[in-house]
Amino acid sequence: MTPKESRRFYFPAWGDAAKRRGWLMMDGRLLADLAARLWLPPEHPLTDLLPMIHTHARALAADAGRAPKPDDLRHACHLVALGRDLSSKRMASAQTDRVVALFRLIADPENLAHLTAWAEPDEAPRRRYVRACRLLATDAYILAIARDKFGPHDFEPPFWEQLCLPHLAQLLLTLRHRQPTKHQPATPEPEPELYPEMERAGEPF
C-alpha cells in the first residue's frame, strides 16, 4: 500500500468501521462488547464475518497477554479479508481494496455498493482498468478498439467496461501502445504480480 492509499482509503475506512462498531478505547478498555448479540439478518455477510473478526481479535490479544484492543480488531479484519495478517504497509493494491471493502461494509452494512464490493471482489480491479483506459482515450475510441480486438461473444457493445479482466488488461495495453510517446499521460500501473491477467495479456497487438 502506498502512503497515498493509506491516507485516502485505508485509515479513513478503518476509522468509520471502528466508530460504527465501538472498536475504540475508553478508560483503558475496549468500548465494544465483542460478545454482544448481532442484530443482523442471517443472510447478511457480516453475520458470519463479525464473529470471525472477534475470534481472531481475541486470539491476537491472548497471544499478547492482554485484553483486545482496536489494533487487534484491525488486524483481525486483515485475517478475514486476506486469509492472513499482512501488514497494511506491505499490501498490494488489490489486497488494500479487499480490506477496505470489509471496513466499509462494517461501517455501513446496508449500503448496496459496499455489499456488492464485498461480494464481487473483481469489481475493484475492473474499476482501475476502466479508469486507466479512460485517461488514455475517449469512450468512442476505446469502443472501436474493443470491437476490433474482441468478438460479440466477449461483450455487448457499447459496454466495453464489462469485458473480462484479462481482456480489459489487453485493451489497456493496446491503448498504451497506441499513445504518442511525447504526449502519453501518466496512468496508474496495475502491478503484474497483483493482476496476473496483465502478464497473460502481453501478446502481439
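**Exercise 1. Find the aromatic cluster, then describe one ring pair from it.**

Step 1. Start with the rings: Y10, F11, W14, W23 and F103 make up one aromatic cluster. Keep in mind that you're looking at a predicted model, where local features need pLDDT of at least 70, side-chain atom pairs count only at pLDDT 80 or more, and totals for chains, interfaces and linings use all residues. Residues are numbered from 1 along each chain as its sequence is written, and side-chain values use heavy atoms, with hydrogens and water left out.

Step 2. Count the pairs. The structure has four aromatic pairs; rings of Phe, Tyr and Trp (its six-membered ring) pair if their centres lie within 6.5 Å, and planes under 30 degrees apart count as stacked, over 60 as edge-to-face and the rest as tilted.

Step 3. Zoom in on Y10 and F11. Their centres sit 4.7 Å apart with 85 degrees between the planes, an edge-to-face pair.

Step 4. Check accessibility. Buried means under 20% relative accessible area, exposed over 50%, partly exposed in between (1.4 Å probe, protein chains only). Y10 is buried because its relative accessible area is 0%, while F11, at 39%, is partly exposed.

**Exercise 2. Work out which elements build the largest nonpolar core.**

Step 1. Pin down the term: a nonpolar core is a set of buried Ala, Val, Leu, Ile, Met, Phe, Trp, Tyr and Cys residues joined through side-chain atoms within 4.5 Å.

Step 2. The largest one holds 30 residues, and W23, I53, L73, L102, F103 and I106 have the most contacts inside it.

Step 3. Now the elements. Two or more residues come from each of α1 (3–21), α2 (46–63), α3 (70–82) and α4 (93–107). The top contributor is α4, with eight residues. Helices (H or I, at least four residues) and strands (E, at least two) are DSSP runs, numbered from the N terminus.

Step 4. Look around F103. Leaving out residues up to four places away in sequence, F103 touches Y10, A13, W14, A17, R74 and C77, where contact means heavy atoms within 4.5 Å.

**Exercise 3. Is V80 buried or exposed, and what does V80 touch?**

Step 1. V80 belongs to helix α3.

Step 2. V80 counts as buried because its relative accessibility is 14%.

Step 3. Beyond four places in sequence, V80 touches L49, M52, I53, H56 and L102. Take M52 from that set: 28 residues away along the chain, its C-alpha atom is 7.1 Å from that of V80.

**Exercise 4. Do the same for P109.**

Step 1. Find P109 in the loop between α4 and α5 (112–119).

Step 2. With a relative accessible area of 7%, P109 is buried.

Step 3. Again skipping residues up to four places away, P109 touches R20, L40, H44, L46 and L115. The C-alpha atoms of P109 and H44 are separated by 8.4 Å, though the two are 65 residues apart along the chain.

**Exercise 5. Describe how α7 meets α8.**

Step 1. The axes of α7 (residues 139–149) and α8 (residues 165–177) come within 10 Å and cross at roughly 115 degrees. Axes are lines fitted to C-alpha atoms, for helices over the stretch in contact, and angles run from 0 to 180 degrees between N-to-C directions.

Step 2. List the contact residues: Y141, I142, I145, A146 and K149 from α7, with Q170, L171, T174 and L175 from α8.
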